[in-house]
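Biologist: I should like to take a close look at a single part of this model. Please show the structure before we begin.

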Amino acid sequence: MTVATATKTPDPKHNLQTARQAYYDKISKYDMAPLWEVLKNLVTQEPKSQCEPALWKFEDAKKFVLEAGEVITAEEAERRVLVLENPALRGKSRATNSLFAGIQLILPGEIAPAHRHVSSAIRFVLEGEGAYTAVEGEKAMMSPGDFLITANWAPHDHGNTGKQPVLWLDVLDMPTVNHFEASFAEHFDDKMQNTSRGDGDSLAFYGSGVLPDGAPVDMKRTPIINYTYAKMRPILERLHKAGEIDKRHGARVRYANPITGGPVLPTMGANLALLPKGFKGEPYRSTDGTIFVCVEGQGSTTIDGKLYEWGPKDVFVVPPWKQYAHAAAKESVLFSISDRPAQEALGLWREGA
Ligand SMILES: [Fe+2]
């Protein structure tokens, strides 16, 4: 007896996929891959950020970092810092793709020993008096709202000679430096560096409309160690009174390198903005993912359609190219920092509404 067997019609699409996969598997052994399979994700029509909007309440950060103070000393930890990890980038020690952010605690009597590294750092003081950061021979006492800079390879150490815990926000360009795989670091035998200048010398010498005779005419980063809030806050007030209020950003100043007028660091740039009471900002977006700190006041920021409410010392992140708009219930001051200078230097930075 003859049994008729049904022959399957070949599926040309299936055959093509099988042939392609076999081809991909073959070239993979030679460390090659087909660009056409990944091109759309590599060359996006507009920025597709891996990070998410995020907000950290200061009361949570303070509670947890004070707990860390009970289990490890600043010296043991080298730097006692809680990393603010973007929820979409957990395990990568970054707030945005290019920037690290953390909350650092230094308790009375503690020292965070002297070292230096290629990553530039900034400190934005959140709470407490009596701590100092010594950078390149200048010992700067830190007060809430102060913005301190430790540029690439500058020796620095911290200490607390006061009676209160002192907390600040650290932001470093570590992910950027590590992207280029250009990190170096060095520790010093002496825990504290010798200081050779007075507190506030660099701001007085370079940030007062004059420059020391013989000052360099070009400098990639600012010579100022501490842009004190005591000096910056009245400037915002004057801008406000003069009606110089940007519809998106409020009465805003950009921290500048007084030698060039450019950003304070080649990798990171920062602003300080006053939002008048009742301010309702127009929507804005830019390619630099931005870390904000509420210095004072109360308000909210709508990021990509979602409302984030902030109060004093809260930290929040706006990812690249996500539309945002600020609103202030009370007169408020926002500090912000991003990688805009790096993007501008590379011709990448864009902004929009
Ligand atoms: Fe450091």
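Which residues coordinate the iron ion, and through which atoms? Please describe this site in full.

Modeller: This is a predicted model, in which local features need pLDDT of at least 70, side-chain atom pairs count only at pLDDT 80 or more, and totals for chains, interfaces and linings use all residues. Residues are numbered from 1 along each chain as its sequence is written, and side-chain values use heavy atoms, with hydrogens and water left out.

The iron ion is coordinated by three histidines: H115, H117 and H156, each through its NE2 atom, at 2.1 to 2.2 Å. Donors here are N, O and S atoms within 2.8 Å of the metal (3.2 Å for Na, K and Ca); water is not among the atoms, so sites may look incomplete. Along the chain, the donors of the iron ion follow the spacing H-x1-H-x38-H. Distant parts of the chain are thereby linked: H115 belongs to strand β4 (residues 111-117), whereas H156 belongs to strand β9 (residues 156-160), 41 residues apart. Strands (E, at least two residues) are DSSP runs, numbered from the N terminus.

The accessibility of two of these donors can also be described. H115 counts as buried because its relative accessibility is 7%. H156 likewise counts as buried, because its relative accessibility is 2%. The term buried means under 20% relative accessible area, with exposed being over 50% and partly exposed in between (1.4 Å probe, protein chains only).

Elsewhere in the model, an open sheet of 6 strands has the order β1-β19-β16-β21-β14-β13, with antiparallel pairing; two strands pair if DSSP finds at least two bridges between them. Its edge strands, β1 (54-56) and β13 (251-254), each pair on one side only.

Note on methods: Helices (H or I, at least four residues) and strands (E, at least two) are DSSP runs, numbered from the N terminus.
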